[in-house]
Amino acid sequence: MSKFNEFEQAIDFSFWRKLCEEHGEPIDYARGQYFIRAGEVMRNVGLILTGGFKHSLTDDEGNEKTVGFVFAGSVLANYVSARFSRPMPTDIVALEDSRVLVMPVKYLKEYMAANPAFHTRFVEILFDSAYRGYLNNYRFTPRERYLQLIDRYPDILSLVSQTEIASYLNISRRQLHRIRESSAR
């Protein structure tokens, strides 16, 4: 299965797997269980062995918004919270029963400190990916973003609810329904 997040295709995360295997432990998360809550500081990071998670936040009106997904084989972290001990801007919640190889964040910090050129490249790729994602929300219509999402990660329709896909695309469920109907023709 391909990586959902673009930055994961541009970075060789074998170092992450190795760190998690050396310093981590497998932990099971039930559907709906939090890996971390918004406002907490990330003390652990992980590698998803099975399952998937969503990054979500609550807007000023109390509505939950899905802002990202990570699936099996992917890293489970937030760079800013892990690196700078800042509070998480989002919740990370299991989409389904999942198993994660979890390690203390200190091992990631040590690796990055010992490999400054890699760390710089890592941050550049994260920034580039985030900025392009931000621009694409303006550049492409909701229909185009939906089609790109399905093209990039076809399995998402079987892994994630329509409500969460609509939230991720920042559109209503009704609008998503219309897009799906017109795309099926």
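Select Y79 to begin: in this predicted model, Y79 is partly exposed, with a relative accessible area of 22%, which lies above the 20% under which a residue would be called buried. Now add F122 to the selection, which counts as buried at a relative accessibility of 5%. A search of the whole structure finds 18 aromatic pairs, and one to look at here is that of Y79 and F122, a tilted pair with 5.9 Å from centre to centre and 45° between the planes. Because Y79 belongs to helix 3 (residues 79-84) and F122 to helix 5 (residues 116-139), the pair ties together parts of the chain that are 43 residues apart in sequence.

With these two rings still displayed, extend the selection to F13, F15, W16, F84, Y111 and F118, since the question is then what these residues form together with Y79 and F122. The eight names, F13, F15, W16, Y79, F84, Y111, F118 and F122, make up one aromatic cluster.

From the cluster, move to the place where helix 4 (residues 105-114) meets helix 5, and show both as ribbons: their axes come within 5 Å and cross at roughly 110°. Helix 4 is therefore roughly perpendicular to helix 5. To see which side chains make this contact, select Y111, M112, A113 and A114 on helix 4, together with P116, F118, H119 and F122 on helix 5. Coloured by residue class, the residues of this contact divide into 7 nonpolar and 1 polar, with no charged residue among them.

Next, select F71 and Y153, and view the two rings from the side. A pair of aromatic rings is described by the distance of the centres and the angle of the planes. For F71 and Y153 the centres are 4.9 Å apart and the planes are at 15°, and the pair is stacked. The two residues come from distant parts of the chain, for F71 lies in strand 5 (residues 64-71) and Y153 in the loop between helix 6 (142-152) and helix 7 (156-159), 82 residues apart. Are F71 and Y153 buried or exposed? Both F71 and Y153 are buried.

Another ring worth displaying is that of Y34, this time with R37: the charged end of R37 sits over the ring of Y34, at 3.7 Å from its centre.

Now turn to helix 8 (residues 162-169) and colour it by accessibility, which shows that the helix is mostly covered, with 6 of its 8 residues buried. The buried residues to pick out are Q162, E164, I165, A166, S167 and L169. What do the buried residues of helix 8 pack against? Their partners are strand 4 (52-58), strand 5, helix 6, helix 7 and helix 9 (173-184).

Keep helix 8 in view and add helix 9, whose axis comes within 9 Å of the axis of helix 8 and crosses it at roughly 100°. Helix 8 is therefore roughly perpendicular to helix 9. On the side of helix 8 the contact is made by Q162, T163, I165, A166 and L169, and on the side of helix 9 by R173, L176 and R180. These residues divide into 4 nonpolar, 2 polar and 2 charged.

Between these two helices, select N170, which is placed in the loop between helix 8 and helix 9. The phi of N170 is near 60°, a positive value in a residue other than glycine, and N170 counts as exposed at 60% relative accessibility.

A second residue to inspect for its backbone is S85, in the loop between helix 3 and strand 7 (91-94). Here phi is near 55°, again a positive value in a residue other than glycine, while S85 counts as partly exposed, at 35% relative accessibility.

The last stop is L49, which is found in strand 3 (residues 44-50) and counts as partly exposed at 31% relative accessibility. Select R99 as well and draw the distance between the two C-alpha atoms: L49 and R99 are 5.4 Å apart in space, although 50 residues separate them in sequence. To complete the surroundings, display R17, A72, V100 and L101 alongside R99, for L49 touches each of these residues, when those up to four places away in sequence are not counted.

Note on methods:
Residues are numbered from 1 along each chain as its sequence is written. This is a predicted model: local features need pLDDT of at least 70, side-chain atom pairs count only at pLDDT 80 or more; totals for chains, interfaces and linings use all residues. Side-chain values use heavy atoms; hydrogens and water are left out. Rings of Phe, Tyr and Trp (its six-membered ring) pair if their centres lie within 6.5 Å; planes under 30 degrees apart count as stacked, over 60 as edge-to-face and the rest as tilted. Helices (H or I, at least four residues) and strands (E, at least two) are DSSP runs, numbered from the N terminus. Buried means under 20% relative accessible area, exposed over 50%, partly exposed in between (1.4 Å probe, protein chains only). A charge sits over a ring if NZ of Lys or CZ of Arg is within 6 Å of the ring centre and within 35 degrees of the ring normal. Contact means heavy atoms within 4.5 Å. Axes are lines fitted to C-alpha atoms, for helices over the stretch in contact, and angles run from 0 to 180 degrees between N-to-C directions. Angles under 35 degrees count as roughly parallel, over 145 as roughly antiparallel, 65 to 115 as roughly perpendicular and the rest as oblique. Ala, Val, Leu, Ile, Met, Phe, Trp, Tyr, Cys and Pro count as nonpolar, Asp, Glu, Lys and Arg as charged, and the others, Gly among them, as polar.
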